[in-house]
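Welcome! Take a moment to turn the model around on your screen, and then read on for a guided tour.

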Amino acid sequence: MSEPTKSMKPAGLTILLFFAFFLALAGAHFATEAKAEAGIRAGAQDTLAAWKENAPKLGDRLQVKKTGWSYAWLFRTGKKGGPNEGTVYVLRITGNSGPYTGVFYRDKKGEATFCGLAGVRGRDASKYGISSRIVNMWIERIERMDAPKDSKK
Amino acid sequence: MKNNTVAFLFALCPLVPAAVRLAYGIVLTVAFLWFLLTGLGIRELVRKLRPGDAGPYIEMVGIAASATLFTLALQWLCPILSVSLGLYVYLTAFSFIILVSIDFGSLKNGSFIPVLPFIPMLLAFSAIRELLGFGTVSLPTQTGIFEFTVIPGFDFWGLGFWGTAAGAFFLLGVAAWLIKFRQRKAFSARRQA
């Protein structure tokens, strides 16, 4: 085997290895996405049901461009023009005592409300170190965002 | 780096905000073991590929891919926890890299000296913080976390401070002092013998 061919072999194998990483990640993403979405949807719906009677029902998943990883789980609620039209935000919120999954609802006027924490016992977020200052900070962030328009599906 | 105690605490620092619940500690521990397993596999692959100077970079990409794979598995198993802990899985990978870099040789010859004691330390740290900060012990479930009340009436007279990041650094200070005290005692006992 000539010298250049010899040195090409590890480079080719490295490219193959990177391609294997890519395939493994893409495969895992497609295999897990549906169940992950169903689980997050169920957790958010439970939090909304505990928040108020006749809570809005979650619809299609949405995405807002250029907002980053934090806003990966957004859901449309209600029919367009209907009383429950809005968006539910499922976000990681870090308080004084660690990160939790917070659920927010933004109505069609653009006003956001904190609905509670998903996956924990009880409705008192302050017990988990989520103070009103932290909640207000997230509410302001959500209200500043453009209304999500693009449906993922 | 020879001072393992300092390196241990340094590796634990990125995880301080998340290591507040035993449930979170368990998830991060599993992530740590996963990185150990995949890290060894990737290192073996790189050794066989012999890519020269690119070797460490390929290993880093491998660890990043393995962290993403773990995040996807967490989304599948515990979807709600994956929202709160997604970022910390990547920070656990960072802690793993810090620990491995303490003693490169130990991982190479399979003794894993700095990595394995970190696992019970992470579990104990999160369990003590949860007990002192919330009076509960929790486990990860598919719908979030399941809490067992260990100290009843904690909401009325408990001190939530130990569950905060500030409390965690106090606890880390006490832990560092205890480890140092034990090491000095063992050293003086050896000298006297």
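## A starting point: A:Asn54

Let us begin with one residue. A:Asn54 has 8 other C-beta atoms within 10 Å, and a residue with 12 or fewer counts as exposed, so A:Asn54 is exposed. You will find A:Asn54 in the loop between α1 and β1 (58-63) of chain A.

The backbone here deserves a look too. A:Asn54 has a positive phi, near 50°, although the residue is not a glycine. For background, most residues other than glycine have a negative phi. Please keep in mind throughout that this is a predicted model.

## Chain A in outline

Chain A contains two helices and six strands. Following the sequence from start to end, you meet them in the order α-β-β-β-β-β-α-β.

How far does the C-alpha trace of chain A span along its principal axes? The spans are about 75 × 40 × 30 Å. The radius of gyration of chain A is 21 Å, whereas a compact globule of 153 residues would have one near 15 Å. Buried residues account for 31% of the 153 residues in chain A. Of the contacts in chain A with a separation of 6 or more, 47% are between residues 24 or more positions apart.

## Strands around β3 of chain A

A good strand to pick out next is β3 (86-95) of chain A. On one side of the pairing scheme, strand β2 (residues 73-77) of chain A runs antiparallel to β3(A), and five bridges join the two. Within that pairing, A:Leu74 has A:Tyr89 of β3(A) as its bridge partner.

β3(A) also pairs with β4(A), again in the antiparallel sense, over 10 bridges. Here A:Leu91 is matched with A:Gly102 in β4(A). The link from β3(A) to β4(A) is a hairpin through two residues. Is β3(A) largely enclosed or largely open? Eight of its 10 residues are buried, so β3(A) is largely enclosed by the rest of the structure.

## Chain B and its helices

Chain B has eight helices and two strands. Along the sequence they follow the pattern α-α-α-α-α-α-β-β-α-α. Of the 193 residues in chain B, 38% are buried. Among its contacts between residues at least 6 apart in sequence, 66% join residues at least 24 apart.

Two helices are easy to trace by their length. Helix α2 (residues 22-49) of chain B has 28 residues, and the distance from its first C-alpha to its last is 40 Å, close to the 40 Å expected at 1.5 Å a residue. Just after α2(B) comes B:Arg50, with a positive phi near 50°. Helix α3 (residues 55-77) of chain B has 23 residues and reaches 33 Å, close to the 33 Å expected. The buried residues of α3(B) include B:Ile63, B:Leu69, B:Phe70, B:Leu72 and B:Leu74.

## A loop residue in chain B

Which loop holds B:Asp53? B:Asp53 sits in the loop between α2 and α3 of chain B. B:Asp53 counts as exposed, because 6 C-beta neighbours lie inside 10 Å. B:Trp177 is 124 residues from B:Asp53 along the chain, and their C-alpha atoms are separated by 40 Å.

## The nonpolar core

In soluble globular proteins, nonpolar side chains tend to be buried together. In this model, the largest nonpolar core has 67 residues, and those touching the most other members are A:Val88, A:Val90, A:Phe104, B:Ala19 and B:Leu28. Helix α4 (residues 79-102) of chain B gives the most to this core, with 10 residues.

What does A:Val88 touch, leaving aside residues up to four places away in sequence? Its contacts are A:Ala44, A:Leu48, A:Leu58, A:Leu74, A:Phe75, A:Thr77, A:Val103 and A:Tyr105. A:Leu74 is also the residue that bridges to A:Tyr89.

## Where the chains meet

Finally, look at the contact between the chains. It involves 32 residues from chain A and 37 residues from chain B. On the chain A side, α1 (3-51), β3 (86-95) and β4 (98-107) each supply at least two residues. The largest share, 16 residues, comes from α1(A). Sorted by class, the side of chain A that touches chain B has 16 nonpolar, 12 polar and four charged residues.

Conventions. Residues are numbered from 1 along each chain as its sequence is written. Chains are lettered from A and ligands numbered from 1 in the order in which they are written. This is a predicted model: local features need pLDDT of at least 70, side-chain atom pairs count only at pLDDT 80 or more; totals for chains, interfaces and linings use all residues. A nonpolar core is a set of buried Ala, Val, Leu, Ile, Met, Phe, Trp, Tyr and Cys residues joined through C-beta atoms within 7 Å. A residue is buried if 20 or more other C-beta atoms lie within 10 Å of its own, exposed if 12 or fewer, and partly exposed in between; C-beta atoms are placed from the backbone. Helices (H or I, at least four residues) and strands (E, at least two) are DSSP runs, numbered from the N terminus. Two residues are in contact if their C-beta atoms, placed from the backbone, lie within 7 Å. The expected span of a helix is 1.5 Å times one less than its number of residues. Ala, Val, Leu, Ile, Met, Phe, Trp, Tyr, Cys and Pro count as nonpolar, Asp, Glu, Lys and Arg as charged, and the others, Gly among them, as polar. Two strands pair if DSSP finds at least two bridges between them. The radius of gyration is taken over C-alpha atoms; the globule rule is 2.2 Å times the number of residues to the power 0.38.
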